[in-house]
Amino acid sequence: MEIVINSDRVEQLKLYSELLKKDVNRILDEALELYFYTKEKELLEKNLESESAQTSLDYNEFWDGVDID
């Protein structure tokens, strides 16, 4: 695997490393963790929307004609 980071990002990493007193690797790890969390959440929400679109009955339509005694 080859990872290429443009020079602007490298400078930002150095700057934030100094400001936050954190290792660059730690910053990258935290950034990737947040990225993956956000993407996973987006995918789950998209899947829920897709499932909801398949079930278009509202509450009354779903329970219409069902008698529970």
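Which residues line the largest pocket? Keep that question in mind while you look over the whole chain, and remember throughout that the model in your viewer is a predicted one.

Begin with the protein chain shown as a cartoon, where you can pick out three helices and zero strands, and where, if you follow the chain from the N terminus on, the elements run α-α-α.

Next, select the C-alpha atoms and turn the view along the principal axes, because this lets you judge the overall outline: these atoms fill a box of roughly 70 × 25 × 20 Å. The radius of gyration of the protein chain is 23 Å, whereas a compact globule of 69 residues would have one near 11 Å.

Now switch on the surface, of which the protein chain exposes about 7,100 Å², with carbon and sulfur atoms supplying 54% of that area. If you count as buried a residue with under 20% relative accessible area, then 4% of the 69 residues of the protein chain fall into that group.

With the surface still visible, select Ile 3, Ile 5, Leu 13, Ile 27, Leu 28, Glu 30, Ala 31 and Leu 32, which are the residues that line the largest pocket and so answer the opening question. The space inside this pocket comes to about 230 Å³. Coloured by class, its lining shows seven nonpolar residues, no polar ones and one charged residue.

Finally, select helix α2, which spans residues 24–54 and gives the most to the lining of the largest pocket, contributing five residues.

Technical notes
Residues are numbered from 1 along each chain as its sequence is written. This is a predicted model: local features need pLDDT of at least 70, side-chain atom pairs count only at pLDDT 80 or more; totals for chains, interfaces and linings use all residues. Side-chain values use heavy atoms; hydrogens and water are left out. On a 1 Å grid over the protein atoms alone, a cavity is a set of points where a 1.4 Å probe fits but cannot get out, and a pocket is an open set with protein on both sides within 12 Å along at least five of seven lines; lining residues have an atom within 4 Å of a point. Grid points are joined across faces, edges and corners, and a volume is the space filled by probe spheres set on the points. Helices (H or I, at least four residues) and strands (E, at least two) are DSSP runs, numbered from the N terminus. Ala, Val, Leu, Ile, Met, Phe, Trp, Tyr, Cys and Pro count as nonpolar, Asp, Glu, Lys and Arg as charged, and the others, Gly among them, as polar. The radius of gyration is taken over C-alpha atoms; the globule rule is 2.2 Å times the number of residues to the power 0.38. Buried means under 20% relative accessible area, exposed over 50%, partly exposed in between (1.4 Å probe, protein chains only). Accessible areas come from the Shrake-Rupley method with a 1.4 Å probe; for residues, only the protein chains shown count as cover.
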